[in-house]
Amino acid sequence: MSSEAPLVVCLGNPLLDIQVDPKHGPTYLEKYGLKANDAILAEAKQMPIYDDIVKNCEVTYVAGGAAQNAARSAAYVLPAQSVAYIGSVGDDDLMKQLKAANEAESVISAYQVQPSPAETGACAVILSNHDRSLCTTLRAAEMFTPSHLASPEVTQLLSGAKYFYIEGYFLTHGSASALEVAKGASSRGKTVLLNLSAPFIPQFFKMQLEEVLPHVDILIGNESEAAAYGEAAGMGSASLHQIASTLASFSKSNASRPRLVVITQGADSTLVASSSPSSSSSNLKTTDENPKTYPVPELESSKIIDTNGAGDMFAGGFMGALALGKDLDEAIEIGHKLGQMCCGQIGPKLEFPKVQV
Ligand code: 26A
């Protein structure tokens, strides 16, 4: 580790993605009762999917875990050793693969390693057309304990960083730790980002989400996650604009900085709502257009390999750009570029050797 503390710390569930060749997609969606474009925690009926795909399909193993993908994406635009990632893993081969992927892309892995027989989490990725269905077994990831945050290595990371990124998925088991990180960072005037991650988070973990939200400066999500929040919050037929504005104006502990809510919509425009569009002198300033819309550059369908991780790469690139001091418009543009770059790769990956974005 270099003597300078990393600028960015990410917190999440480390997972190894097991991607199934799209030719098997429809069969496996049907067999395990999965929706084409969704992310879920595996229920008992889906547990056999991991052995099944490995035995019976052509699979590709790729580093995954939503916040870990975002960490690699932030690292893509930042100087070496600027990004650290915290999560819980098993002491196994899967962990070694994840650690190697982080190392190759200059992300510091600050893993809490659970003793055997705990295993590193995995995500079955069922591809069909340009959709991806994610079916996750958390295993060691959900054994994360707040004690890890108090370890000397992590304490140092948390006290030195200026940007904190938490995946909504972590709230399924680790809301106490997420709250500790967000609250601590926010009270020290640092920037806290939270990703909604999947519709089931606002749907089933609304309480945990709203507990962390006051300490969040930048909330990121996509259209279906925002809609799920709208529904859970009893907003009936509210538009995406209204839901984003409601989330932006949700109570905030650090009132010196506005909250931004960034909603992506695949190929459609990205929307940014601000709780106070013109009050900020920082690089988070928006214009009077609120929410503001940012068109997404066109991406030829033939250039898309799969969409797994595109949202994470958008979020990580966006955050990395902000950490570099870029303004909001530039940061969104970089996010779009990295999200699209990811669509041209197998799984949550970016192009190497690095291209200038
Ligand atoms: C708790 N769950 C369901 C999850 C995840 C997850 N990361 C953390 N927790 N379910 C899927 N993912 C990751 O999301 C990425 C795509 O956005 C997958 O590992 C995949 O790389």
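A polar contact here is a pair of N or O atoms within 3.5 Å. With that in hand, the ligand site of this predicted model is a good place to start. One such contact runs from an oxygen atom of the ligand to a polar backbone atom of glycine 65, at 2.8 Å. Two aspartates join in through their side chains: a polar atom of aspartate 17 comes to 2.5 Å from a ligand oxygen, and an N or O atom of aspartate 312 sits 2.6 Å from an oxygen atom of the ligand. As for cover, the ligand taken alone exposes 470 Å², and the protein buries 98% of that.

The shell behind that burial is drawn from several parts of the fold. Strand E2 (15-20), strand E3 (38-41), helix H3 (66-77) and strand E8 (131-137) are the elements that give two or more residues to it. In total, 19 residues surround the ligand, with Asp17, Gly65, Asn69, Thr136 and Asp312 the closest. By residue class, the shell splits into nine nonpolar, seven polar and three charged.

Turning to the rings, the count comes to seven aromatic pairs. Take tyrosine 169 and phenylalanine 200: their ring centres are 6.2 Å apart and their planes meet at 40 degrees, so this pair is tilted. Tyrosine 169 belongs to the loop between strand E9 (163-167) and helix H6 (175-187), while phenylalanine 200 is in helix H7 (residues 200-204), so the pair ties together parts that are 31 residues apart in sequence. Both partners fall under the 20% cut-off for burial: tyrosine 169 counts as buried because its relative accessibility is 16%, and phenylalanine 200 does so because its value is 13%. Ring pairs also bring in Phe205, giving a cluster of Tyr169, Phe200 and Phe205.

Phenylalanine 314 and phenylalanine 318 make a stacked pair, with 6.0 Å from centre to centre and 5 degrees between the planes. This one stays within a single element: both residues lie in helix H11 (residues 310-323), four residues apart, or about one turn of the helix. Phenylalanine 314 and phenylalanine 318 are both buried.

Rings also meet charges in this model. Arginine 139 places its charged end over the ring of tyrosine 50, 5.7 Å from the ring centre. Lysine 354 does likewise with tyrosine 76, its charged end sitting over the ring at 5.3 Å from the centre.

Notes
Residues numbered from 1 in each chain as written. Predicted model: local features only at pLDDT ≥ 70, side-chain atom pairs only at ≥ 80, totals over all residues. Heavy atoms only, no water. Phe/Tyr/Trp six-rings, centres within 6.5 Å; stacked < 30°, edge-to-face > 60°. Buried < 20%, exposed > 50% of the residue type's maximum accessible area, 1.4 Å probe, protein only. Lys NZ or Arg CZ within 6 Å of the ring centre and 35° of its normal. Near = heavy atom within 4 Å. Polar contact = N/O pair within 3.5 Å; in protein donor to acceptor, adjacent residues only side chain to side chain. Areas by Shrake-Rupley, 256 points an atom, 1.4 Å probe, with all protein chains shown as cover. Nonpolar A, V, L, I, M, F, W, Y, C, P; charged D, E, K, R; others polar.
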